[in-house]
Amino acid sequence: MTLSLEDARAMKGDTSWFTHDRFGMFIHWGLYALGARHEWLKHNEEIPDDVYQKYFKHFDPDLYDPDVWAAAAEGAGMKYFVITTKHHEGFCLWDTALTDYKAPNTPAGRDLLRPMVDAFRAHNLRTGLYHSLIDWHHPDFVVDPSIGPLRNTTNKDELNAGRDQARYAAYLHAQVRELLTQYGKIDVMWFDFSYPPHKGHDDWQSDELLRIVRELQPHIILDDRLDIPYGWDIKTPEQFQPRGWVQVDGKPVVWEACQTFSGSWGYHRDESSWKSHEQLIQMLIDTVSKGGNLLLNVGPTGRGEFDVRALDRLHAMGAWMRRHNRSIYGCTAAPADYPTPQDCRLTYNAEKKRLYVHVFAWPFVHLHLDGLAGKVEYAQLLNDASEVKMVELPAWQATHETQNADTLVLELPVQKPDAVVPVIELFLK
Ligand code: GLC
């Protein structure tokens, strides 16, 4: 019995693991890795199909070992991954029966998705599939003036004469069916992206796509980019840090920020704006302090490897997470009645009644937490479990401070602890 659209619209994915695990790996990998200058290079440089074919012909990721990728993600403390099955260029990583524009037909010579899903599952990461709604290669994808390598052509009417967007939508739906029936349990479905008025829900037939997804994998977490106001489970800001918990109609929602190490999702050899270890760790903390998830992207090379700049940052995040992950996993924003101290972020584990103070700028001697006096049983530095004393200010100091009666004062070591971002764990009474 097929699922009705009405029922599909009412269904919600299982986000319980998602809001616990908090941290995932995005992977953007396709022919654009060979161009090595952004996954939008076909659009940016208006490259025609016949010229872009050189990347198809030379796509030979001979060093590809998804177990190495999965180990790097697990080592960084990531708990799920989302892979681009097909990006806007239209090239498919898996052995789809619906086009020849796929990895098995390149020198790679095989389905690249299956070993990846197997490896990440073996490393205890959940599976997410990114799938581009946009397709700059498919013969039925109607050329529009906004996006794509042909957007500036003067003969669009001639180009579009033989194109049938409904036929493309059928192809899109059929490929999603392949992905949601041939690769086991999928935890996240990440469609990207609508750009009305040029391409939106009618061009994807989004209602039917929603129905298919919900029918095939009812538990799946679905993102918000199908250009329909219903059916989504997560909001997906990207390339900026929201100021607070993301809301819809004034209500906080489940949200995931996707971000890059540098300025590109796909491998970019010459792009230099790579974030520091501290920026990346603070980004993760800041996101969780606002009730969100961080999906952090890696763009593997055309040889099939994570480049040294990405590995360096993954290792640094893993080193911090090894000692501090309990201030991330199972945590969310702190209760509003605990104001955030200057230069800090708070995360909160309600189940364990633990409050975590992430100190972005190490203060001299004291840290003041309003609203917490008398409410904390014990305090320690998370990196080495060394006690942090809760003190009363000596009178001669108190006279210089504007103290509230409910302010908790912590006495800190003068030197910053050995952690990129030190964390103080407060055991609440
Ligand atoms: C933007 C980019 C796209 C990338 C996506 C990730 O839509 O254009 O290339 O895949 O962000 O969220």
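## A small antiparallel group

Let us start with strands E14 (residues 389–391) and E15, which run antiparallel and are joined by three bridges. One of the pairings here puts Lys389 opposite Glu411, its bridge partner in E15. The model you are looking at is a predicted one.

E15 spans residues 408–411 and also pairs with E12 (residues 366–369), again antiparallel, through four bridges. Here His368 has Val409 of E15 as its bridge partner. As a reminder, strands of a sheet pair through backbone hydrogen bonds, in either the parallel or the antiparallel sense.

## The parallel sheet

Elsewhere, seven strands form an open sheet with parallel pairing, in the order E5-E4-E3-E2-E1-E9-E8. Which strands stand at the edges? They are E5 and E8 (255–260); each has a single partner strand, so one side of each has no neighbour in the sheet.

Strand E3 (residues 126–132) is a good place to pause. Six of its seven residues are buried, so the strand is largely enclosed by the rest of the structure. On one side, E3 is joined to E2 (residues 80–86) by six bridges in a parallel arrangement, with Thr84 standing opposite Tyr130. E3 also pairs with E4, in the parallel sense and over five bridges; in this pairing Tyr130 stands opposite Trp190. Tyr130 therefore has an opposite number in E2 and another in E4, within a strand that is largely enclosed.

## Around the ligand

Tyr130 turns up again at the ligand: an N or O atom of the Tyr130 side chain is 3.3 Å from a ligand oxygen atom. Two further side chains offer polar atoms to ligand oxygen. For His87 the distance is 2.8 Å, and for Glu238 it is 2.7 Å. The ligand has 310 Å² of accessible area on its own, and the protein covers 91% of it.

The ligand is surrounded by 14 residues, of which His28, Glu39, Trp40, His87 and Glu238 come nearest. How does this shell divide by class? There are seven nonpolar, three polar and four charged residues.

## Helix H11 and its packing

Helix H11 covers residues 206–216, and its buried residues are Ser206, Leu209, Leu210, Arg211, Ile212, Val213 and Arg214. Arg211 and Arg214 are worth a look in the viewer, since both appear in this buried set.

What do the buried residues of H11 pack against? Their neighbours are the helices H1 (5–10), H9 and H10 (201–204), together with the strands E4 and E5 (221–222). E4 and E5 also belong to the seven-stranded sheet, where E5 comes before E4 in the strand order.

## Lys185 in its loop

Lys185 sits in the loop that links helix H9 (165–182) to strand E4 (188–192). Is this residue buried, partly exposed or exposed? Its relative accessibility is 45%, so Lys185 counts as partly exposed.

The side chain of Lys185 makes a polar contact, at 2.8 Å, with the side chain of Asp187. Leaving aside residues up to four places away in sequence, Lys185 touches Arg121, Arg126, Thr127, Gln217 and His219. Arg126 and Thr127 fall within the range of E3, residues 126–132. By contrast, Tyr378 is 193 residues from Lys185 along the chain, and the C-alpha atoms of the two are separated by 42 Å.

## Backbone features to check

Most peptide bonds are trans, and most residues other than glycine have a negative phi. The loop between E4 and H10 holds both Phe193 and Pro197. The peptide bond from Asp192 to Phe193 is cis, with omega near -20°, and the bond from Pro196 to Pro197 is cis as well, with omega near 10°.

Two non-glycine residues have positive phi values. For Asn124, phi is about 65°; this residue lies in the loop between helix H7 (113–122) and E3, and at 60% relative accessibility Asn124 counts as exposed. For Ala385, phi is near 60°. Ala385 belongs to the loop between strand E13 (376–381) and E14, and its relative accessible area of 46% makes Ala385 partly exposed.

Notes: Residues are numbered from 1 along each chain as its sequence is written. This is a predicted model: local features need pLDDT of at least 70, side-chain atom pairs count only at pLDDT 80 or more; totals for chains, interfaces and linings use all residues. Side-chain values use heavy atoms; hydrogens and water are left out. A residue is near a molecule or strand if one of its heavy atoms lies within 4 Å of it. A polar contact is a pair of N or O atoms within 3.5 Å; within protein, one must be able to donate a hydrogen and the other to accept it, and residues adjacent in sequence count only if both atoms are side-chain atoms. Accessible areas come from the Shrake-Rupley method with a 1.4 Å probe; for residues, only the protein chains shown count as cover. Ala, Val, Leu, Ile, Met, Phe, Trp, Tyr, Cys and Pro count as nonpolar, Asp, Glu, Lys and Arg as charged, and the others, Gly among them, as polar. Two strands pair if DSSP finds at least two bridges between them. Buried means under 20% relative accessible area, exposed over 50%, partly exposed in between (1.4 Å probe, protein chains only). Contact means heavy atoms within 4.5 Å.
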